[in-house]
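Work through the exercises below with the model open beside you. Try each task before you read its solution.

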Amino acid sequence: MSTTTEAPHKPTAGPKTAQSLTLADLVKTYASRGREQVTAVKGIDLAIEPGELVALLGPSGCGKTTTLRMIAGLETVTSGSIKIGDREVSQLPASKRGIGVGFESYALYPPMSVRDNLLYGLKARKVKGAEKMVASICDRLEMNDMLELRPAGLSSGQKQRVALARALVRNPPVLLLDEPLSHLDASARQRVRRELKVLQREFGYTTIVVTHDQVEALSLADRLAVMDAGVVQQFGTPDEVFDDPANLFVAEFVGEPQINVIRGVAKVTDGKTRVEIGADSGSLETGVTSVADGTRVTVGIRPQDCSLSAEGSGAEGISTTVAYFEHLLEFGLATTTVAGMEEGVVVQTPAQQSYEPEQKVVVSAPPERVYLFDVETGVRLR
């Protein structure tokens, strides 16, 4: 369900032009004659502080780009409200909203050089010092060597950097970025991501970034809204979303390696809850107190929270067998199987440890990190 939370802090490095952005019960429905209506965005509520960077994170088709386009004025609003500061803008044309937009599709002017693409909007509005502003942004984004080139002579990554620079150079009170780093190679993505964060902090843009890349969202955002099927499933800081997921979708979508999801049965004894896994594979203690004895539940355990012990060591947990082990230099990943179950358990191990196939091991985890979810709805049990 859609939720609204307070910002974790008020950004300190922002210009006086930075403004809040508020979405209230925002809905977008597509309708055409002879076809069934499709509601792409289903009543989103978000309150974004001046100078805050918020990421809209979710799979393709979840409604995040449609939400961004409604804020920008490129899609009509079916119902609901969009406010920049105290100003209602949901019915204003895009040109009247004062928003900077960086598109995944670049939207560059083919006949113009990169320099002229960046200068065009500034000169049209007769902004003083336009050349200096462009030079500063190009220096920060390492673009000086492409200023005289035209879009046709640029790689996809270079085009995306130009589109990003064109949005940034306007120094807008609200900045919207649609997949701003998706076409960059790995090394350029890391550099531009860091520079984007520095620029956003320095100039204080109130920013929304649309992305399907959780690393990008977790590293950039002050808060992130995890979306699915047109609904905000959870809105919070990266730590809140990772450590305290609201439901199974959020738990599975956020986190790499992906969270382990297995079925179990809750057993309550003397006020403590354990979850039995498999027929005779053992159990895990959990901090959940609201579940009744005998309830079938979905169990979520992040690989980073799991630990392995040799069978017979006396450790309490799930008895498993190592299927295969991946040594990834910084850490290892042991994929284990549980007798009588299709689901396995992946465990992230310290770099100095290694395991052999068919090795018998016990998987354990701290009770507070063993999450339980309703089998039918996926809602988090607490």
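**Exercise 1. Find the residue of β19 that stands opposite L308.**

Solution. L308 faces V363 in β19. The strand β19 covers residues 360-364, and four bridges join β15 to it. The two strands run antiparallel. Strands here are DSSP runs of E with at least two residues, helices are runs of H or I with at least four, and both are numbered from the N terminus. Two strands pair if DSSP finds at least two bridges between them.

Before going on, note the ground rules. This is a predicted model, where local features need pLDDT of at least 70 and side-chain atom pairs count only at pLDDT 80 or more, while totals for chains, interfaces and linings use all residues. Residues are numbered from 1 along each chain as its sequence is written, and side-chain values use heavy atoms, with hydrogens and water left out.

**Exercise 2. Place β15 in its sheet and say which strands stand at the edges.**

Solution. Start with the order. Five strands form an open sheet, β15-β19-β16-β17-β18, with antiparallel pairing. Now look at the ends. β15 (307-310) and β18 (344-350) each have a single partner strand, so one side of each is left without a neighbour in the sheet. Finish with the twist: from one strand to the next, the average is 45 degrees. Strands of a sheet pair through backbone hydrogen bonds, either parallel or antiparallel.

**Exercise 3. Describe how β17 and β18 are joined.**

Solution. Count the bridges. β17 (residues 331-337) pairs with β18 over seven bridges, in the antiparallel sense. Pick out one facing pair: T337 is opposite G344 in β18. Then inspect the link. The hairpin has six residues between the strands, and G340 takes a positive phi near 80 degrees.

**Exercise 4. Describe the hairpin of β9 and β10 and say how covered β10 is.**

Solution. Begin with the pairing. Five bridges join β9 (residues 223-228) to β10, and the strands run antiparallel. V226 stands opposite Q234 in β10. Two residues lie between the strands of this hairpin. A229, in the turn, has a positive phi of about 55 degrees. Now check the cover. β10 (residues 231-236) is mostly covered, with six of its six residues buried. Buried means under 20% relative accessible area, exposed means over 50%, and partly exposed lies in between (1.4 Å probe, protein chains only).

**Exercise 5. Work out how α3 packs against α2 and against α4.**

Solution. Take α2 (residues 114-124) and α3 (residues 130-140). Their axes are 10 Å apart, at an angle of about 135 degrees. Axes are lines fitted to C-alpha atoms, for helices over the stretch in contact, and angles run from 0 to 180 degrees between N-to-C directions. α2 and α3 are therefore oblique to each other. Under 35 degrees counts as roughly parallel, over 145 as roughly antiparallel, 65 to 115 as roughly perpendicular and the rest as oblique.

Next, list the contacts, meaning heavy atoms within 4.5 Å. R115, L118, L119, L122 and K123 in α2 meet A130, E131, M133, V134 and C138 in α3. This contact has seven nonpolar, no polar and three charged residues. Ala, Val, Leu, Ile, Met, Phe, Trp, Tyr, Cys and Pro count as nonpolar, Asp, Glu, Lys and Arg as charged, and the others, Gly among them, as polar.

Now turn to α4 (residues 156-169). α3 and α4 also pack at about 135 degrees, with axes 10 Å apart. α3 and α4 are therefore oblique to each other. M133, V134 and I137 in α3 meet A165, L168 and V169 in α4. Here the residues divide into six nonpolar, no polar and no charged.

**Exercise 6. Is N117 buried or exposed, and how does S219 count?**

Solution. N117 sits in helix α2. At 1% relative accessibility, N117 counts as buried. Not counting residues up to four places away in sequence, N117 touches L108, Y109, M112, P151 and R166. S219 lies in helix α6 (residues 214-220). At 38% relative accessibility, S219 counts as partly exposed. Leaving aside neighbours within four places in sequence, S219 is in contact with R193 and K197.

**Exercise 7. Summarise the whole chain.**

Solution. The protein chain has eight helices and 21 strands. Buried residues make up 48% of its 382 residues. The C-alpha atoms fill a box of roughly 75 × 45 × 45 Å, taken along the principal axes.
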